[in-house]
Amino acid sequence: MKLRIRKLLAAALVICLVAAMLPGAALAADSGPFKVGNESYDTLSAAVARASDVSSKTVILDSAATLSENTTIQPGVTLQMGSGASLAIESGVALTNAGTITNSGSISVAGTFTSSGTFTNSGDVTVSAGANCTIGGTFAHNGSIQVMKGNPDGGGTLTISNAFEGSGDIEVGSGAEATLGSQTIKGTLTVDGEVSASALTVD
């Protein structure tokens, strides 16, 4: 009996040692919303870190998720959001895109969203009152952006630095602000707040 107990204890010790040496990918939760290959992660930052180490370099989101910590999409990494995906950026939290985001779902910004990489939007982006969305880099827009009015706080703020491709819609609510640079709007521009632009054409 004593020999059997010793063998069981030794086996348990070996299992613990092996588990301690496993990389984070092998211990990834299988129920998180962010997918990298066959692995799932609870946080976008963990998924981006893993995607940086694999050949596909793609994080897939097809369900609802909340961003509660500052996160950067690294250069070379893609966040791919399907039509059933939604990403809520909490107040006080920043999402920075230095890589690529393709959005066919919805992004709601209560904090800060900054894109200096490539952002392709065929879904919805909502910028809440007091939140900020700044889009530079390469921007293709065939969805909708809604900058919410302030009630009672100041409205949301939208800045689009470069001319974008596509026929997406932009709505600027009362008390909200949008700086659009030089743009040709092929979709619908609805303005109840303030819009400034160096050159603006609604086609």
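Let's start with two rings on the inside: Phe 119 is buried, and so is Phe 139, where buried means under 20% relative accessible area with a 1.4 Å probe, counting protein chains only. Please keep in mind that this is a predicted model, in which local features need pLDDT of at least 70, side-chain atom pairs count only at pLDDT 80 or more, and totals for chains use all residues. Residues are numbered from 1 along each chain, and side-chain values use heavy atoms, with hydrogens and water left out.

Now, how are Phe 119 and Phe 139 arranged as an aromatic pair? Rings of Phe, Tyr and Trp (its six-membered ring) pair if their centres lie within 6.5 Å, and planes under 30 degrees apart count as stacked. The count comes to three aromatic pairs by this rule. Phe 119 and Phe 139 make a stacked one, with 5.4 Å between centres and 10 degrees between planes. This pair links distant parts of the chain, 20 residues apart: Phe 119 sits in strand β12 and Phe 139 in strand β15. Strands here are DSSP runs of E, at least two residues long, numbered from the N terminus. Ring pairs also join Phe 113 and Phe 164 with these two into a cluster.

Next, a neighbour of Phe 119. Asn 103 touches Phe 119, with Met 81 and Asp 124 also among its contacts; contact means heavy atoms within 4.5 Å. Asn 103 belongs to strand β9, residues 100-103. Why is Asn 103 called buried? Because its relative accessibility is 1%.

To finish, the whole chain: buried residues make up 34% of its 203 residues.

Conventions:
Phe/Tyr/Trp six-rings, centres within 6.5 Å; stacked < 30°, edge-to-face > 60°. Helix = DSSP H or I, 4+ residues; strand = E, 2+ residues; numbered from the N terminus. Buried < 20%, exposed > 50% of the residue type's maximum accessible area, 1.4 Å probe, protein only. Lists of a residue's contacts leave out its neighbours within four places in sequence.
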